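This report describes one protein model, starting with a helix pair and moving on to cores, backbone geometry and cysteines.

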Amino acid sequence: MKNFSASTVKSWFQYGCERKVRYELSSDAELAAVPVLKDVREAPWAKLGNEFEDRVVRRLAAEASVLQPSPGDKVLSERLTLAFLRGERTETYAAQVNLKPARTPSFLQGTGLDLNRNIADLVRRTILPDGRAQFTVIDIKATRRATAFHKNQIAFYVRVLEERLAEIGLTRQVVLDRDGEVWRIPNDGTADEDRAQKEVFPLRPYLRQVDDFCRQKLPGIAKKGIGAGGFDQTFFHLYFKCEQCAFLEHCEQAIAPVLGAARDVSAVPGVTHETKRVLAQLGVRTVGGLAKAKGLAKAPGAGWSLTRNASRLIARAQALANETVLRTDEEHSFLMPPRADVRLFLSLDYDPVDDRIAAAGYRRVEGGRILDAAVSVPPSPSLQDEADALVFVMGRLIRDLAAVDQDNRKAQDAGDEAALKYAHIFFYEPSEALNLQKAIARHLEDPRVRSGLLHLVRLFPPDDVVPEPEFKGAHHLPATALRSVIEQLYALPVTVAYDLRQVSQALAVQGVATPYQPNQGFERPFSSLLSIDVIRGLRDGATGAPSPQDIEADVSARLDALQGVTAWLYAQHTAAADKGAPLLRLTKRPFRFHETFDPLEAADLDVLLACELLENRASLLETLVGLAQPAARRRDAGRCMAGLELMRVSNYGPRRKLLVFRVPPASQETDLGPGDFKLILTDDNPDLRLDATQWALVDCRIKTSDEDDLTQPHIVKVVMGKDIFEGAVMQELLKSTPKGGWHLDRPFFDVNTDKAERFLRHLSAGQAA
């Protein structure tokens, strides 16, 4: 009989990995027979969790009555547990309660499975008005937010507690709380404290998930065979969550470079659990098999996700199988400008436990030379140290941007167009930009950070104060996450994830001069950002942990690689542009700060307006990224009707035109409809569909369906203003668009930002009065 505990249930809902669950059901002898490599070292994050739990319970014991294990014991004894459940103890809480019943629980009968010890962190006993006792199960987690798998674990504890209470005949005398509780790191605290923030959640949906897992999935997983000689029937998939798994080293053997094209298909970046399952059903199990899988997008049973991503995954598999760099079917990227005279590089490492920036790096490069550089490693997780690091690094960025702004003002005043400079900011991971945004939000009370926030907003000139259409906000998107550009344009011979180490090393043979070579202790399988082991080692002063100087050197090495990959991309763009097919299409103008906001006079309403504008511009960028994809991908995602054939045009009232199009079968399944307030009609020319300033010149909507239209999915009727139809842009499209060349797309449309901006300006004017 195989035994398991709540940690196995949590593993399933955290990783979704059949292999991990099966291995956790196995004895050491069974694993050794395969053999299975297992990392038995205590992970730093696990040690941190135990220490946080101990501090929280000690504080609770000082404030309330807590029944705890006897000295020298780690778990509450059977005698004390029964006394607490029966109400023979006066304590409100019991800690480290073994909930395991003596008999096999009813939800496991007939499965061949039984339980190990199931230790709940805390159980609270409350007396209800009717005299019955109510039990609440509590889990203490050194985390910033209670995730679904934390809640599933508590739900499992509740099911086990139900069995325990039934076993000792207390079902009628007690009731189980309908809610569970996760006690986590407070929003305003750190993992080093003894305070906890209670997060209460309804148990019912998680109980259903746990019941389904125990009755439907777990027995089948337990029956999967493993044995000597590598015999293993379990399904597995390698992705970023696997970094914390004790069996990672074992699974990595399946994607070892020495296997070449025989590597498991998990090695292909972008393959998900579900995609791998579908590929296996289609007989595709290796990198080489996927590289040769022509016609995969149209294979029966391929599914929507695989159909949409088939060409990209095949290209990546071919790159891996042949150890070469390939271009994807993406013609260009809207995420990066074709010119950047001043290149500003940022690196942000984040500690998810303390919710703080762990390291920040900055570099200014102009003409291939480093003109400014700074790295800061906060000495502690305090808000003050984080704010100081942000001000130190971001202050350099703002100062350099201000210098570029002044240079461009002088050049414009002198009429010297050749002296104007284009500036752009580069990250590697998109998460770095998000973590910077969150860090700034944590310090809005700090006047130094508040002024920096409004300086960032000044990178996005509001449309209503800029008279020239070419200066609209879309042309001032200030930053690029380089990883996203690489993913769009290239398939590289890298495994599992596009991280800076693998990418820069793969591109070293293409001319990248300084690939990232992490020192011992810094290498990670799925990312080049600082690992939790490094961060916690520094925070805790652990023996042998990297020093602040070591981390500074690592940040600088990553900035070297980021600079090199950026230079390589620009070289590729130049070569492609010389052939008439430029890769980078983010239109920008020489850098200038917007002058509406005065950071030195920032008020609360200024900050609200700044946040509103940043949110608006981020959404605009997301839309433009989608519009930059090839028509087939936009169509398959339901965001575009591609290949439309214009059949006829007629008047639709005095001020509008009705355009009737024939829709090809591939475009008939779409999310576009009469509910879309604004759509754009183009010939798929990127210079038109990616220019937000011209969307008003091709603006239209889909006509509400008549009864006859419901039987004609191959027809779509589009309503357009007569002034737009007769405009120069549409008239040129009518002359030049080939048969079957029309495309209908959903652009960015936000009615809220303009209203919020006007309202906030109205409030600000009232304050001033």
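## Helix 1 and its surroundings

Which residues in helix 1 meet which residues in helix 7? Val9, Trp12 and Phe13 are the residues in helix 1, and they meet Gln209, Val210, Phe213, Lys217 and Ile221 in helix 7. The model is predicted: local features need pLDDT of at least 70, side-chain atom pairs count only at pLDDT 80 or more, and totals for chains, interfaces and linings use all residues. Residues are numbered from 1 along each chain as its sequence is written, and side-chain values use heavy atoms, with hydrogens and water left out.

Helix 1 covers residues 6-15 and helix 7 residues 204-222; their axes come within 12 Å and cross at roughly 95°. Helices (H or I, at least four residues) and strands (E, at least two) are DSSP runs, numbered from the N terminus. Axes are lines fitted to C-alpha atoms, for helices over the stretch in contact, and angles run from 0 to 180 degrees between N-to-C directions. Helix 1 and helix 7 are therefore roughly perpendicular to each other (angles under 35 degrees count as roughly parallel, over 145 as roughly antiparallel, 65 to 115 as roughly perpendicular and the rest as oblique).

Eight of the ten residues of helix 1 are buried, so this helix is largely enclosed by the rest of the structure. Buried means under 20% relative accessible area, exposed over 50% and partly exposed in between, with a 1.4 Å probe and protein chains only. The buried residues are Ala6, Thr8, Val9, Lys10, Ser11, Trp12, Gln14 and Tyr15. Their cover includes strand 1 (2-4), helix 2 (18-24), helix 6, helix 7 and helix 9 (273-281). Gly16, just after helix 1, takes a positive phi of about 65°.

## Nonpolar cores

The largest nonpolar core has 48 residues, of which Phe4, Phe135 and Phe156 touch the most other members. Such a core is a set of buried Ala, Val, Leu, Ile, Met, Phe, Trp, Tyr and Cys residues joined through side-chain atoms within 4.5 Å. Leaving aside its neighbours within four places in sequence, Phe4 is in contact (heavy atoms within 4.5 Å) with Val9, Leu25, Leu108, Leu113, Asp114, Leu115, Asn116, Asn118, Phe156 and Leu218. Another core, of 42 residues, lies apart from the largest one; among its members are Val377, Tyr428, Ala506 and Tyr570.

## Helices 12 and 13

Helix 12 (residues 383-414) packs against helix 13 (residues 430-441) at an angle of about 120°, and their axes are 10 Å apart. Helix 12 and helix 13 are therefore oblique to each other. Glu386, Leu390 and Met394 of helix 12 make the contact with Leu436, Ala439 and Ile440 of helix 13.

## Buried Arg164 and Gly288

Arg164 belongs to helix 6 (residues 148-167) and is buried, at 3% relative accessibility. Beyond its neighbours within four places in sequence, Arg164 is in contact with Glu78, Thr81, Leu82, Leu85, Asn98, Leu99, Lys100 and Pro101.

Gly288, in helix 10 (residues 287-291), counts as buried at 12% relative accessibility. The C-alpha atoms of Gly288 and Arg263 are 7.7 Å apart, with the two positions 25 residues apart in sequence numbering.

## Backbone geometry

Most residues other than glycine have a negative phi, and most peptide bonds are trans. Val34 and Pro35 are joined by a cis peptide bond, with omega about -5°. Pro35 is in the loop between helix 3 (28-33) and helix 4 (44-63).

Gln96 has a positive phi, near 55°, and is in strand 3 (residues 93-98). Phi of Asp355 is also positive, near 55°. Asp355 lies in the loop between strand 13 (342-351) and strand 14 (356-366) and is buried, with a relative accessible area of 16%.

## Cysteines

A disulfide is a covalent bond between the sulfur atoms of two cysteines; the criterion used here is a pair of cysteine sulfur atoms within 2.5 Å. The structure holds zero disulfides. Why is Cys17 without a bond to Cys251? The sulfur of Cys251 is the closest cysteine sulfur to that of Cys17, but at 6.2 Å it is too far for a bond. Cys245 is in no disulfide either, and its nearest cysteine sulfur, that of Cys251, is 6.3 Å away. Cys17 is buried at 12% relative accessibility, and Cys245 is buried at 15%.
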